[in-house]
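Here is a walk through one protein model. Keep the structure open as you read.

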Amino acid sequence: MDYQQLITFIMEMVGTVAFAASGAMVAVDRAMDIFGVIVLGVTTAVGGGAIRDVILGIVPPAMFQNPIYTLVATITSCVVFLILYLKKELLQGHNRETYDKIMLVMDSIGLGIFTVVGVNTGISHGYVNYMFLGTITGVGGGLLRDIMAGVPPYILVKHIYACASIVGAIVCVVLYRNFGAVVSMIGASAVVILIRYLAAHYRWNLPKLTRSE
């Protein structure tokens, strides 16, 4: 494993843990049992990559070729369930704000990392539609999570989400052409995370219509 592959693997592991944690937190919030928590955690962590691989014709998807991602997601989901089971007060009262902040952090890290992983996968396989591959990898798992949890998909209603992934994919391609894979992945991930933080902090949202009462 060379330096670039090592950095990519580490980032994928961090993204897997982050997305699995966000999926597990949503499942706990929806009062699912331990099995439901694991399913949502794993789906969030590897769902986007599985969608990307199927589109690219990579079958079976990486989650089946290398079980480490599913295993890490499963362990992370169980840890999150255990923590929230023992500390139920974290989901109530003033602690709810802390829960929301942790959810934002985990979701933003996962989105940033998997966006650039998708772009990098597209480049390594010779495809040119990097923006689409990066975005679908970044948002796919969260989209499946929300559908399975029975809530409006986060990417369609909350702050700047998919747009942050699109911008990150563009930045990743630009940095890749000028500085190489490692710099592009780290730099573009940071851009996505920054956009998500600013969007949440300043309550940036895309224009939308609301029904009048």
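**Cysteines, rings and a helix**

Cys-163 has a relative accessible area of 30%, so this cysteine counts as partly exposed. The model is predicted. Does that sulfur have a partner, and what is the nearest cysteine sulfur to Cys-163? Cys-163 is in no disulfide. Its nearest cysteine sulfur belongs to Cys-172, 18 Å away. A disulfide needs two cysteine sulfur atoms within 2.5 Å, so a gap of 18 Å rules this pair out.

Look from the other end. Cys-172 is in no disulfide either, and the nearest cysteine sulfur is that of Cys-163. The surroundings of Cys-172 can be put in a number too: its relative accessible area is 2%, so Cys-172 is buried. Recall that Cys-163 is partly exposed. For the structure as a whole, the disulfide count is 0.

Now turn to the aromatic rings. A pair of aromatic rings is described by two values, the distance of the centres and the angle of the planes. How many aromatic pairs does the structure hold? There are 3. One of them joins Phe-81 and Tyr-85. Their centres are 5.8 Å apart, and their planes make an angle of 20 degrees. Planes under 30 degrees apart count as stacked, so this pair is stacked.

Where do Phe-81 and Tyr-85 sit in the chain? Both belong to helix α4, which covers residues 68–86. They are 4 residues apart, about one turn of the helix. Phe-81 has a relative accessibility of 22%, so it is partly exposed. Tyr-85 stands at 48% and is likewise partly exposed. The cut-off for exposed is over 50%, so Tyr-85 at 48% does not reach it.

Tyr-202 and Trp-204 form a stacked pair. Here the ring centres are 5.8 Å apart and the planes meet at 20 degrees. Is Tyr-202 buried or exposed? Tyr-202 is exposed, because its relative accessibility is 52%. Trp-204 has 40%, so this ring residue counts as partly exposed.

Finish at helix α1, which spans residues 3–29. Leu-6 lies in this helix. With a relative accessible area of 37%, Leu-6 is partly exposed. Now step along the chain from Leu-6 to Ala-31, 25 residues apart in sequence. How many ångströms separate the two in space? From C-alpha to C-alpha, Leu-6 and Ala-31 are 37 Å apart.

Definitions and conventions. Residues are numbered from 1 along each chain as its sequence is written. This is a predicted model: local features need pLDDT of at least 70, side-chain atom pairs count only at pLDDT 80 or more; totals for chains, interfaces and linings use all residues. Side-chain values use heavy atoms; hydrogens and water are left out. Rings of Phe, Tyr and Trp (its six-membered ring) pair if their centres lie within 6.5 Å; planes under 30 degrees apart count as stacked, over 60 as edge-to-face and the rest as tilted. Helices (H or I, at least four residues) and strands (E, at least two) are DSSP runs, numbered from the N terminus. Buried means under 20% relative accessible area, exposed over 50%, partly exposed in between (1.4 Å probe, protein chains only).
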